Amino acid sequence: MGKIKIERVTKVFGKNTSQALKLVKQEKSKEQILKETNATVGVYEASLTIEEGEIFVIMGLSGSGKSTLIRLLNRLIQPTSGDIYIDNQNITNLNKKSLQIVRREKMSMVFQNFALFPQRTILQNAEYGLEIRGIPKEERRLKAEKALQNAGLLSYKDQYPDQLSGGMQQRVGLARALANDTEIILMDEAFSALDPLIRKEMQDELLELQANLQKTIVFITHDLNEALRIGDRIAIMKDGKIIQVGTGEEILTNPANEYVRSFLEDVDRSKVLTAENAMIRPMTIQIDHEGPKVALQRMKEDKVSVLLAVDKARKYLGYITANDALNLAKSGEKSLKSILRNDMPIVEPSTVIQEILSVISDSPTPVAVVEEGKLRGVLIRGVVLESLASEKNGGVDNE
Amino acid sequence: MSKLLNLATPIPVAENVEKLMDIVTDTFSSQFRFIQNNGADLMDFVTSTLTSIPPYVFMLIVAVLAFFATGKKFGLAIFSILGLLFILNQGLWDQLMNTFTLVMFSSLIAIIIGIPLGILMSKSKVVEEILKPILDFMQTMPGFVYLIPAVAFFGIGVVPGVFASVIFALPPTVRFTNLGIRQVPKHLIEAADSYGSTFTQKLLKVELPLSKATIMAGINQTVLLSLSMVVIASMIGAPGLGREVLSALQRAQIGNGFVAGISLVIFAIIVDRLTQSLNKDKSNGGK
Ligand SMILES: Nc1ncnc2c1ncn2[C@@H]1O[C@H](COP(=O)(O)OP(=O)(O)OP(=O)(O)O)[C@@H](O)[C@H]1O
Ligand SMILES: [Mg+2]
């Protein structure tokens, strides 16, 4: 009894569907079909069961039909043939009204480009689904505010989307889905437009949320690391067909065919874990302006014993330790320049994790990630090891 | 060859159009009369109400409106007061009020018809394909031509003037409404759909708010076009500044014609800037 079940679902874009389907059966390529019939096969004979409470990831190259497949689930795209079940209800031929009810009560969607309504405030955006359902004003405001609070964005509720950063906007997109409180959430490359650090934070938040709320999440991504990190099961698509479904472990150790193997290697080679994937936001001190008192205060607040020193332009200069800062403060000296240390290892964002491992285990300090002189992040031993373990990446590399 | 010769005998287009007009006029004559009488009464009432407002009070209202609509700037407000003072000074105040009523009615009717038509057009390819050439036709046809059916249906006076103006001024509102709605990004439509919005919810909560600036630009053009019909409509007896221009023209009174013309221009500038700044104001406030 899957939460979502699709059976032999096919979507052909264009008029000449039957002709196109005939050609698919003859194993003609997509380009050839397009040339001969002017129709595109978006999804072909896809069958899947997605269980309640799982994060189901769909992967595949660009144009393989991921977006089409996820839009078939809430019928933003109408299937050419096949059946779609949500909670055992066949929604394939529901009329407009019943379909609206299913969309309102069963599923919410999060989009790659956020798709926030620009003329609505953050709060009004978060309220949208509830408003559409006709929930009374007061009630929906409370629910939306709660969702924003969980996303850490309550103080921005009266701002407009274009006043927020990309990461914040996508948190609003997620809050809009969560405020609606549906059991299914559809996410089409929801994190792809975000930079690596934010992206990682969002993945963590999604996992935490999943642990608390037990939603059924369908998640599309291009990124194998992301898929392995958050996915309970992964489906791999090629030219509109689903060619393998399994846990990350299964797919890595037992690729269904040569295509999957080379797909994983391809993705892998370009997406091997690098410093960029494992780094966290650095605790910094602006050495031109800030003195030992500020430094000590910040260390206390963030519970760290080292701060990375930067200048106005975030150029990396070195680091200072809590002990030095304390002595300096006692002596009444204002400038931190005298206690600046320079022996912290530095790596580029593109350095692969395996190389960093030896550096980091020899170093008493964290490792700074620096790009063209600018500080990008910091690597901490625990986080690096954890990311290595959870990415299950080593297995593939060592094959 | 014989085909070519055939082309020489004219097809009776003019006759047929005339016949059609006669049929329409006959069939709907009582309705037309009803509209003519009541429309004229209503507009007379509005004009006399406007005229009964003391000019200085009227100017003050316009100035205050201009001040706030332009974001608390004095420019347009001062221009409005000076311009209206000039018109008053030239003894054209009553004519101005007549013109104001005419423009207001034609624009309002054009907007009330135009926006729903534009919405329909944006929702249906078929409707778009049908309406597009008709709108082109309406816009390229010289405004004078609309006087003919206007007179046939309603006789002379202010109502046929409004009728002709509405037809002439309608296209921009329809076009811009269509354009505005079609320009709403696809992913926002998807978002609205994915949360189960009905047709009306999507229209009112997403499409219209997002195309407001474009629609307002169309409305601005509609208002200006209906204003440009004022002189033409005066040829069939619509009162107002247009009639002053026309009679000056007929009697070759350059001076009078100039004064009436300038008054029209002043009025046009005030109306244009006011509608435009309303648009800007809204789109900034609710970005
Ligand atoms: N509305 C449409 N009309 C015609 N063809 C379409 C339409 N939408 C998608 N397609 C085609 O269907 C195929 C699958 O597209 P889809 O957007 O599902 O791919 P995707 O896997 O999401 O790719 P990406 O990773 O680039 O987002 C593509 O060949 C695309 O050109
Ligand atoms: Mg896609």
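Is V294(A) buried, exposed or partly exposed? In this predicted model, V294(A) has a relative accessibility of 34%. Buried means under 20% and exposed means over 50%, so V294(A) counts as partly exposed. The residue sits in helix α13 of chain A, which covers residues 292–302. V294(A) and E139(A) are 155 residues apart in sequence. In space, their C-alpha atoms are 44 Å apart.

**Ligand 1**

The shell around ligand 1 holds 14 residues. S62(A), G63(A), K66(A), S67(A) and T68(A) come nearest. By class, the shell has two nonpolar, nine polar and three charged residues.

Side chains of the shell offer N or O atoms to oxygen atoms of the ligand. The table gives the distances.

| Side chain (N or O atom) | Partner | Distance |
|---|---|---|
| S62(A) | oxygen atom of ligand 1 | 2.4 Å |
| K66(A) | oxygen atom of ligand 1 | 2.8 Å |
| T68(A) | oxygen atom of ligand 1 | 2.5 Å |

Taken alone, ligand 1 exposes 640 Å². The protein buries 62% of that area. Two elements of chain A, β2 (40–50) and α3 (66–73), give two or more residues each to the shell. Helix α3(A) gives the most, with three residues.

**A sheet in chain A**

Chain A also has an open sheet of three strands. Their order is β14-β15-β16, and the pairing is mixed. Strands β14 (346–347) and β16 (374–379) stand at the edges. Each has a single partner strand, so one side of each is left without a neighbour in the sheet.

How do β14(A) and β15(A) run, and how many bridges join them? The two strands run parallel, and two bridges join them. Strand β15 of chain A spans residues 367–371. Within this pairing, I346(A) stands opposite A368(A) in β15(A).

**A domain in chain B**

Which feature does UniProt place at residues 96–275 of chain B? The unreviewed entry gives "domain: ABC transmembrane type-1" for that stretch. In the model, residues 96–275 of chain B are 86% helix and 0% strand. The C-alpha atoms at the two ends of the stretch are 18 Å apart.

**In brief**

For ligand 1, the side chains to look at include those of S62(A), K66(A) and T68(A). In the sheet, β14(A) and β16(A) are the edge strands. In chain B, the annotated domain comes from an unreviewed UniProt entry, and its residues are 86% helix.

Terms used:
Residues numbered from 1 in each chain as written. Chains lettered and ligands numbered in written order. Predicted model: local features only at pLDDT ≥ 70, side-chain atom pairs only at ≥ 80, totals over all residues. Heavy atoms only, no water. Near = heavy atom within 4 Å. Polar contact = N/O pair within 3.5 Å; in protein donor to acceptor, adjacent residues only side chain to side chain. Areas by Shrake-Rupley, 256 points an atom, 1.4 Å probe, with all protein chains shown as cover. Helix = DSSP H or I, 4+ residues; strand = E, 2+ residues; numbered from the N terminus. Nonpolar A, V, L, I, M, F, W, Y, C, P; charged D, E, K, R; others polar. UniProt positions renumbered as here; feature names shortened; annotations may be inferred. Pairing = 2+ DSSP bridges. Buried < 20%, exposed > 50% of the residue type's maximum accessible area, 1.4 Å probe, protein only.
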